[in-house]
Amino acid sequence: MKRWIGVLAVLAALGIGVVLAQSVMKAPPNDPYVNVSEALKGALPNFIPGLGTLYVDPKNLPEGPFLAYDKSGRLVKVVFMVPLEELGKKKYIDIGTAALKGLGVTAKVDHVNIIPSGAHPGVEKPHVHIELVLVSLEQEKKLLEGEPY
């Protein structure tokens, strides 16, 4: 009997891990993530061509990670929006592996985009997008309906 209880406990723990991993692979992700458009009261559109529909844990603003989904709710990329002034002050080491593992992302990174950006709602200073993209560049453009943002 104890053996079966142990087996059931292990299966339950594995099931919880699968649920956690799936919670970010499809939108909407679980708490504490919120839709950026809703959090900014419509200051940004819900879907941004080239970037997708964004979710973020508000305590991690302005850097993120932001979870970027296509219109079907598929996680396409994980985006960090790092203010330029922080690039000279902080080290960003292993943000790919550590961040994705911590989030429960099960897909591998296909490529990385590094894109400068001016201030916009939610990130009020010039910054750089560091995008960990989980699909090919061609798929990224198609799924997010535009060039990387």
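In what order do the six strands of the open sheet lie? Before selecting anything, bear in mind that the model on screen is predicted. Colour the strands and follow them across the sheet: the order is 1-2-3-4-6-5, and the pairing is antiparallel. Strand 1 (34-35) and strand 5 stand at the edges with a single partner strand each, so one side of each is left without a neighbour in the sheet.

Next, select strand 3 (residues 66-69) together with strand 4 (residues 75-83), which run antiparallel and are joined by four bridges. If you pick Phe66, you will find that its bridge partner in strand 4 is Val79.

Stay with strand 3 and show the side chain of Tyr69, then add Tyr55 from strand 2 (residues 53-56). The structure holds one aromatic pair, and these two residues form it, in an edge-to-face arrangement with 5.6 Å centre to centre and 85 degrees between the planes. Because Tyr55 lies in strand 2 and Tyr69 in strand 3, the pair ties together parts that are 14 residues apart in sequence. Both Tyr55 and Tyr69 are buried.

Another ring to display is that of Phe47, over which the charged end of Lys71 sits, 4.8 Å from the ring centre.

Finally, turn to strand 5 (residues 111-117) and select Ile114, which is found there. Is Ile114 buried or exposed? Its relative accessibility is 60%, and Ile114 therefore counts as exposed, since the cut-off for that class is over 50%. Add Val109 and Val112 to the selection and show the surface: with Ile114 they make a nonpolar patch of about 260 Å².

Conventions. Residues are numbered from 1 along each chain as its sequence is written. This is a predicted model: local features need pLDDT of at least 70, side-chain atom pairs count only at pLDDT 80 or more; totals for chains, interfaces and linings use all residues. Side-chain values use heavy atoms; hydrogens and water are left out. Patches are made of residues with over 30% relative accessible area and no salt bridge: like charges are joined within 9 Å, nonpolar side chains (Val, Leu, Ile, Met, Phe, Trp, Tyr) within 5 Å. Accessible areas come from the Shrake-Rupley method with a 1.4 Å probe; for residues, only the protein chains shown count as cover. A salt bridge is a side-chain nitrogen of Lys or Arg within 4 Å of a carboxyl oxygen of Asp or Glu. Helices (H or I, at least four residues) and strands (E, at least two) are DSSP runs, numbered from the N terminus. Buried means under 20% relative accessible area, exposed over 50%, partly exposed in between (1.4 Å probe, protein chains only). Two strands pair if DSSP finds at least two bridges between them. Rings of Phe, Tyr and Trp (its six-membered ring) pair if their centres lie within 6.5 Å; planes under 30 degrees apart count as stacked, over 60 as edge-to-face and the rest as tilted. A charge sits over a ring if NZ of Lys or CZ of Arg is within 6 Å of the ring centre and within 35 degrees of the ring normal.
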